[in-house]
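Let's take a walk through this model, one helix at a time. Keep the viewer open and turn things as we go.

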Amino acid sequence: FVTEYNLPTVERVELAARYTEPVIIQKSKEKTEQYYREHVRSVGALSHLFSKDRNHSIGIDQLFSPDCDGNKPKTVILSGDSGRGKSFTLQKIMLDWASRVLYSENFDVVFLLKCDEVKCLSEEVNLIELLSWSCSLTSDQISQILELTPEKVLILIDGLDEFLLDPHIQISSPTNQFQKAQPVGTLRSLLNGQILPESFLLVTTRSDAGTVMNLFKGPLRFTEIMGFSERGVQEYFQKFFKDEELFRNAYESLKSNETLLTACSVPLQCWMVCFCLKKHFTDDEHVMRELKTTTSIYVHFVSTLLEHHDQSQSVLTMLRSLGQLAEEGKEKRLVFFDEKRVAKTGLDPAT
């Protein structure tokens, strides 16, 4: 399940029922860097993806497939801008593996490490403790798995860019799975194969793959998650609205707004647009006129959330407070805020 806002309540939606396959492109390191420079940074190139790159997309079941020479990658790097669906894709891979519809013959166990959570660990840990912290298996069970069948282990590492893993910075790196170190050191040893070299890794990052490639054990495979094709946007709308009439009305309105249709190639923005349309469906033409840019999508989304959040403060007051918090987070590189920091802005942490 995934948590989704359905104001005024929050509901849990089945991940499989909401997941829509994104466009994933496989490229060599050189082509990845070139494509990143020429296309990914260009907003105007998104519509180009709809017609062309869909034909060259690979599925999540092909990420660890052998290449033309029969070699399997040990490490797959899945890069992409924020909101493209990297984390959602990892969750879907884990769900499909647990349901025995994906990689069940390849891997006996799959671990998921979320770097934004690992970053919060302050004490030294070894690999076994790091993996047990993120799942329900005991340290003894994990130790046995790593000892007996390390080649049947897949570790999903989400959001590597949360760590500044500069290969030139000296960090104590353990050489075995029992040796303790700072989480970033243990993670680096896992990535470069100093510990558990037989295992397989799937790593997501927002960073250009070329800047971190020296951190990983090989053979490497570079992939880029581009977001939804036009067909994917249509499929997502259909899954979101469920009711056929609502879906057709919403999607027809979307198709008449080319800028908004292009913005919906980014899965996060696609969900936001669906959310805003659903909340204001009686006046969807007005909403469509307002949603013209990426900024307008985010502003409309946040404003809609705040309208249903706390009636004791105006939307503008809460928006200013959140802006102060965001500014502080950007300056100090903070993602999580404790209650004291939130309260300083005038917001009520309890709500």
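In helix α8, the buried residues are P183, V184, G185, T186, L187, R188, S189, L190 and L191. That is nine of the 10 residues in the helix (183-192), so α8 is largely enclosed by the rest of the structure. Bear in mind that this is a predicted model. What does the covering of those buried residues include? Among the elements lying over them are the strands β5 (109-114), β6 (153-158) and β7 (200-205), along with the helices α5 (115-118) and α6 (127-133). If you follow the chain just past the end of α8, you reach G193, whose phi is positive, at about 85 degrees.

One of those covering strands, β7, deserves a stop of its own. T205 sits in this strand. Is T205 buried or exposed? With a relative accessibility of 1%, T205 counts as buried, since the cut-off for that label is under 20%. Setting aside the neighbours within four places in sequence, T205 is in contact with I77, L78, S79, G80, K86, L160 and D161.

Now swing over to the helix pairs, starting with α9 (residues 230-241) and α10. Their axes come within 8 Å of each other and cross at roughly 145 degrees, and the crossing is right-handed. On the α9 side, the contact is made by E230, V233, Q234, F237, Q238 and F241; α10 brings E244, L246, F247, A250, Y251 and L254. Sorted by class, this contact has eight nonpolar, two polar and two charged residues.

Helix α9 has another partner, α12 (residues 267-279). Here the axes come within 11 Å and cross at roughly 40 degrees, and the two helices are therefore oblique to each other. The crossing of α9 and α12 is right-handed. From α9, V233, Y236, F237, F240 and F241 meet C270, W271, V273, C274, F275, L277 and K278 of α12. By class, that contact holds 11 nonpolar residues, no polar ones and one charged. It's worth picking out V233, F237 and F241 in your viewer: these residues of α9 take part in the contact with α10 and also in the one with α12.

Carry on from α12 to α14 (residues 294-307). The axes of α12 and α14 come within 10 Å and cross at roughly 50 degrees, which makes α12 oblique to α14. This time the crossing is left-handed. On the α12 side you'll find L268, Q269, W271, M272, V273, F275, C276 and K279, and they meet T294, I297, Y298, H300, F301, T304 and L305 in α14. The residues of this contact divide into 10 nonpolar, four polar and one charged. W271, V273 and F275 of α12 appear in the contact with α14 and in the contact with α9 as well.

Time for the charges. How many salt bridges does the structure hold? There are eight, and a few of them are laid out along single helices. An α-helix has 3.6 residues a turn, so residues three or four places apart point the same way. With that in mind, look at α4 (residues 86-98), where K92 and D96 lie four residues apart, about one turn of the helix. Their side chains meet in a salt bridge at 2.7 Å, N to O, and both K92 and D96 are buried.

Back in α10 (residues 244-255), E252 and K255 are three residues apart, so about one helical turn separates them. The side chains of E252 and K255 form a salt bridge at 3.7 Å, N to O. Are these two buried or partly exposed? E252 is partly exposed, with a relative accessible area of 46%, and K255 also counts as partly exposed, at 41%.

Finally, go to α15 (residues 315-332). E328 and K332 both lie in this helix, four residues apart, about one turn, and their side chains meet in a salt bridge at 3.5 Å, N to O. E328 has a relative accessible area of 18% and is buried, because the cut-off is under 20%. The linkage takes in another residue too: E328, K332 and R341 are linked in a network of salt bridges.

Terms used: Residues numbered from 1 in each chain as written. Predicted model: local features only at pLDDT ≥ 70, side-chain atom pairs only at ≥ 80, totals over all residues. Heavy atoms only, no water. Salt bridge = Lys/Arg side-chain N within 4 Å of Asp/Glu carboxyl O. Buried < 20%, exposed > 50% of the residue type's maximum accessible area, 1.4 Å probe, protein only. Axes fitted to C-alpha atoms, helices over the stretch in contact; angles between N-to-C directions. Left-handed = near helix turned anticlockwise from the far one by under 90°. Contact = heavy atoms within 4.5 Å. Nonpolar A, V, L, I, M, F, W, Y, C, P; charged D, E, K, R; others polar. Parallel < 35°, antiparallel > 145°, perpendicular 65-115°, else oblique.
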